[in-house]
Amino acid sequence: MDVHRGTVSPPPSPQFDPSHSADVTALAGTTAILNCRVHNINNLTVSWIRHRDIHLLTVGSYTYTSDQRFRALHMDDSDDWVLKIKFVQIRDSGIYECQISTTPPVSHFIRLKVVKPHTHVLGGPDMYINKGSTINLTCVVEFSPEPPEFIYWNHNDKIISYDSDRGGVTVIIEKGDVTTSSLLIQDARPADSGRYDCNPSNASPANLTVHVLNGEHPAAMQHGGQGTYTSSSLKNILSLLSVLAALHRVLQ
């Protein structure tokens, strides 16, 4: 009550709290929690809408979808309005709207990204190595719920033994949000050619084919990430330059 004017002050307008209503990345098959924090909600209602199909999912604490994976969560006297999605799938990715029932309605948008564990070997699908050089293969494991307990390598479907008579084989593993396993094979020889598979304990495998060369120079060969030209391609380039020079003289 405003004593001086004898009027009632209007309640403060509801406000979103973006710092507690952030985008979410969830692993496929787990539970995703989308939180929308609203201050000064008063007697208004918060709803969740899925933008992909403009589907009303929840109103207040009630769920309005036949998909039982979705559930509205809200505790009395709390500013948090939660959309809980169990067993999230890739197709659940997208924009979700947290809407307050003002006139007109106001909204905050939260992006859900659903990911699966992913494995890839850098430099694939083929790598060309000179005989006698070092083979350096790096396997990257992303979006796993936790670092893989172990990673092993296969060469032509046979597990690589790091203490074999061949020698010169080393593996370096760095675990974290992104885990890498580097396979180093010194003094490459033709017998080292073939398919190499990286096998994490908690993600799908990935592979790469290594070609150990004995003096050959294919167009696709790489040295430290730099492409090299074959003798035939160099001849073609020189011929083209000669033609361009002759054309330039004619036009002068």
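Student: Why is cysteine 36 called buried?

Tutor: In this predicted model, cysteine 36 has a relative accessibility of 0%. Buried means under 20% relative accessible area, so cysteine 36 counts as buried.

Student: What makes cysteine 98 count as buried or exposed?

Tutor: The relative accessible area of cysteine 98 is 0%. The cut-off for buried is under 20%, and therefore cysteine 98 is buried.

Student: How do you know what cysteine 36 and cysteine 98 form?

Tutor: Their sulfur atoms are 2.0 Å apart. A pair of cysteine sulfur atoms within 2.5 Å is taken as a disulfide, so cysteine 36 and cysteine 98 form one. The pair links distant parts of the chain, with cysteine 36 in strand β3 (residues 32-39) and cysteine 98 in strand β9 (residues 94-100), 62 residues apart. About the S-S bond the value is -85°, and this link is left-handed.

Student: What is a disulfide in chemical terms?

Tutor: A disulfide is a covalent bond between the sulfur atoms of two cysteines.

Student: How many disulfides are there by this rule?

Tutor: The count comes to two disulfides. A disulfide also joins cysteine 139 to cysteine 198, with an S to S distance of 2.0 Å; the cut-off is within 2.5 Å. Cysteine 139 lies in strand β13 (residues 135-142) and cysteine 198 in strand β18 (residues 194-200), 59 residues apart, and the pair links distant parts of the chain. Both cysteine 139 and cysteine 198 are buried.

Student: Why is the disulfide of cysteine 139 and cysteine 198 given a handedness, and which one is it?

Tutor: The torsion about the S-S bond of cysteine 139 and cysteine 198 is about -80°, so this disulfide is left-handed.

Student: What pattern do the disulfides of the protein chain follow?

Tutor: With bonded cysteines counted along the chain, the pattern is 1-2, 3-4.

Student: Why is tyrosine 152 called partly exposed?

Tutor: Tyrosine 152 has 32% relative accessibility. Partly exposed lies between the cut-offs for buried, under 20%, and exposed, over 50%, so tyrosine 152 counts as partly exposed. Tyrosine 152 is found in strand β14 (residues 151-155). Together with Phe150, Ile159 and Tyr162, Tyr152 forms a nonpolar patch on the surface, with about 410 Å² of accessible area together.

Student: What makes asparagine 154 count as buried or exposed?

Tutor: Asparagine 154 also lies in strand β14. Its relative accessible area is 12%, and the limit for buried is under 20%; therefore asparagine 154 is buried. Leaving out residues up to four places away in sequence, asparagine 154 touches Ile159, Ile160, Arg195, Tyr196, Asp197 and Asn199.

Student: Which strands are called the edge strands of the open sheet, and why?

Tutor: Six strands form this open sheet in the order β2-β10-β9-β4-β5-β6, with mixed pairing. The edge strands are β2 (24-27) and β6 (62-63), and each pairs on one side only.

Student: How do you know that β2 pairs with β10?

Tutor: Four bridges join β2 to strand β10 (residues 106-115). Two strands pair if there are at least two bridges between them, so β2 and β10 meet the requirement. These strands run parallel, and leucine 27 stands opposite valine 115 in β10.

Student: What share of the protein chain counts as buried?

Tutor: Of its 252 residues, 31% count as buried. The protein chain has one helix and 21 strands.

Terms used
Residues numbered from 1 in each chain as written. Predicted model: local features only at pLDDT ≥ 70, side-chain atom pairs only at ≥ 80, totals over all residues. Heavy atoms only, no water. Helix = DSSP H or I, 4+ residues; strand = E, 2+ residues; numbered from the N terminus. Buried < 20%, exposed > 50% of the residue type's maximum accessible area, 1.4 Å probe, protein only. Patch = residues over 30% accessible without salt bridge, like charges linked within 9 Å, V, L, I, M, F, W, Y side chains within 5 Å. Areas by Shrake-Rupley, 256 points an atom, 1.4 Å probe, with all protein chains shown as cover. Salt bridge = Lys/Arg side-chain N within 4 Å of Asp/Glu carboxyl O. Contact = heavy atoms within 4.5 Å.
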